[in-house]
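Biologist: I would like to learn how to read the strands and helices of this model. Where should we begin?

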Amino acid sequence: MRDEFARLLDTDEVGASVAVDLDGETVVDLWGGHRDEGRTTPWTRDTIVSVFSSSKPVTALAILVLVDRGLLDLDAPVAAYWPEFAAAGKEGVLVRHLMGHTSGLSGWEQPVTMEDLYDHESAVARLAAQTPWWTPGSAAGYHALTQGHLLGELVRRVDGRTLGRFIADELATPLKADVQLGVRREDDDRVAPVVLPPAIELDTSGIDPAGIPFRTMTGPLPRAELANTEGWRRAEVGAANVHTNARGLVDLMRVITLGGAAGGERLLSEATVDRVFEVQADGVDLVNGVHVRWGTGFGLTPNDAFPSVPTGRVCWWGGWGGSVIVMDQSRALTVSYTPNRMAAGSGVLTFERTKRYLDAVYSAL
């Protein structure tokens, strides 16, 4: 791992961190390179970065904690906790449909911009009023940005705190994990700005503007450059703007790998962890067009979108640009990678650096 990291820091990385926990012991904790594209400020041990959709496992963990405490039931209607959500034919949408990307709410109806998502109350009110784009529970369609707002509102309805406050108080603090949804103002000076990938001209002439993929990915249209703005850092976008590093993600998410307890703290019962591996959807995702096995809040293997991880009792997810968190119960292994230089493309399948780190881990085993 160290050799691979050194090679990539000399070639493809600007700054990054990688971490591996094996059976409760952190056996790899590496960081290096620079926070900025001009390579003037070193990436240090406490550098954090926006990890985009590697945020989703953190949000899912928050929901699982509330499930474990008996405050949420994965098999209950969302409207049991959020009555307004029953509008427009959504009275049968269950909590696990939100967790498994099968609710039919994979994007916002137009018009909508990324900045609109910073106003949580307005954004969730729009989702509550919206009609599903397909029959809920019948198939998965990646909830690229909506999932964090949907689950975050459930947290607020049953607990009273915002998702970001809940993550800070109930996840990061007890597990001593350097993870936060958004960024506290006093931590701005340790954030690594994301280094944008080369612009790609997309041919949209053959894309159906009424189709689910187009409506999802333009509702709203993601703009990576927003990650370097104060608005993004202060917002709570539970699907996409967790700020952390590889060690922070491993310190937090190894609780799933280790059966619900880590660092001397038990967050979940083993029975609640087992629910992660209940398949919610297994087929071609309606949004990203590849075969995905969705568990309860996490991707499962085998998975066409993520061939670098072997089969077994494994859950995972990755973020735009290349970040990843893997929880491999079969091998008592938790792996994370967080870069600031975004790789081109939109899925982990295309991220060569991510693949090389994971291959190095499994080769070492």
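Modeller: Begin with a hairpin, keeping in mind that the model is predicted. The hairpin of β11 and β12 has five residues between its strands, and among them glycine 321 takes a positive phi near 100 degrees.

Biologist: How many bridges join β11 to β12, and in which direction do the strands run?

Modeller: Five bridges join β11, residues 314–318, to β12, residues 324–328, and the two run antiparallel. Glycine 318 has valine 324 as its bridge partner, while cysteine 315 is partnered with methionine 327.

Biologist: What joins β11 to β10?

Modeller: Two bridges do, and here too the strands run antiparallel. β10 covers residues 299–300; its glycine 299 stands opposite tryptophan 316 of β11.

Biologist: In what order do the strands of that open sheet come?

Modeller: Read the order from one edge to the other. The eight strands are arranged β2-β1-β13-β12-β11-β10-β9-β8, with antiparallel pairing. At the edges are β2 (25–33) and β8 (281–284), each of which pairs on one side only.

Biologist: Is β11 buried or exposed?

Modeller: Take the residues one by one, counting as buried those under 20% relative accessible area. In β11 five of the five residues are buried, so the strand is largely enclosed by the rest of the structure. Both faces are covered: Val314, Trp316 and Gly318 are buried on one side, Cys315 and Trp317 on the other.

Biologist: Which helices lie on this sheet?

Modeller: Look for helix contacts and for the angle to a strand. Helix α1, residues 2–11, lies across β1 (15–22) and β2, at about 15 degrees to β2. Helix α9, residues 246–257, packs on the sheet and touches β1, β2, β11, β12 and β13 (333–339). The direction of α9 makes about 150 degrees with that of β13.

Biologist: At what angle do α1 and α11 cross?

Modeller: The axes of α1 and α11 (residues 352–364) come within 9 Å and cross at roughly 160 degrees. That makes α1 roughly antiparallel to α11, since angles over 145 degrees count that way. The crossing is right-handed. On the α1 side Glu4, Phe5, Arg7 and Leu8 take part, meeting Arg353, Arg356, Tyr357 and Ala360 of α11. By residue class, this contact has four nonpolar, no polar and four charged members.

Biologist: How do the axes of α2 and α5 cross?

Modeller: Helix α2 (residues 56–68) and helix α5 (residues 146–159) have axes that come within 10 Å and cross at roughly 30 degrees. The two are therefore roughly parallel to each other. α2 passes α5 in a left-handed crossing. Lys56, Thr59, Ile63 and Leu66 of α2 meet Gln147, Gly148, Leu151, Leu154, Val155, Val158 and Asp159 of α5. Six of the residues in this contact are nonpolar, three are polar and two are charged.

Biologist: What is the order of the open sheet of three strands?

Modeller: Apply the edge-to-edge reading again. The order is β3-β5-β4, and the pairing is antiparallel. β3 (49–50) and β4 (179–181) stand at the edges with a single partner strand each, so one side of each is left without a neighbour in the sheet.

Biologist: Which residue stands opposite valine 49?

Modeller: Threonine 244 in β5 does. Two bridges join β3 to β5, residues 242–244, and these strands run antiparallel.

Definitions and conventions
Residues are numbered from 1 along each chain as its sequence is written. This is a predicted model: local features need pLDDT of at least 70, side-chain atom pairs count only at pLDDT 80 or more; totals for chains, interfaces and linings use all residues. Side-chain values use heavy atoms; hydrogens and water are left out. Two strands pair if DSSP finds at least two bridges between them. Helices (H or I, at least four residues) and strands (E, at least two) are DSSP runs, numbered from the N terminus. Contact means heavy atoms within 4.5 Å. Axes are lines fitted to C-alpha atoms, for helices over the stretch in contact, and angles run from 0 to 180 degrees between N-to-C directions. Angles under 35 degrees count as roughly parallel, over 145 as roughly antiparallel, 65 to 115 as roughly perpendicular and the rest as oblique. A crossing is left-handed if the near helix is turned anticlockwise from the far one by less than a right angle, and right-handed if clockwise. Ala, Val, Leu, Ile, Met, Phe, Trp, Tyr, Cys and Pro count as nonpolar, Asp, Glu, Lys and Arg as charged, and the others, Gly among them, as polar. Buried means under 20% relative accessible area, exposed over 50%, partly exposed in between (1.4 Å probe, protein chains only).
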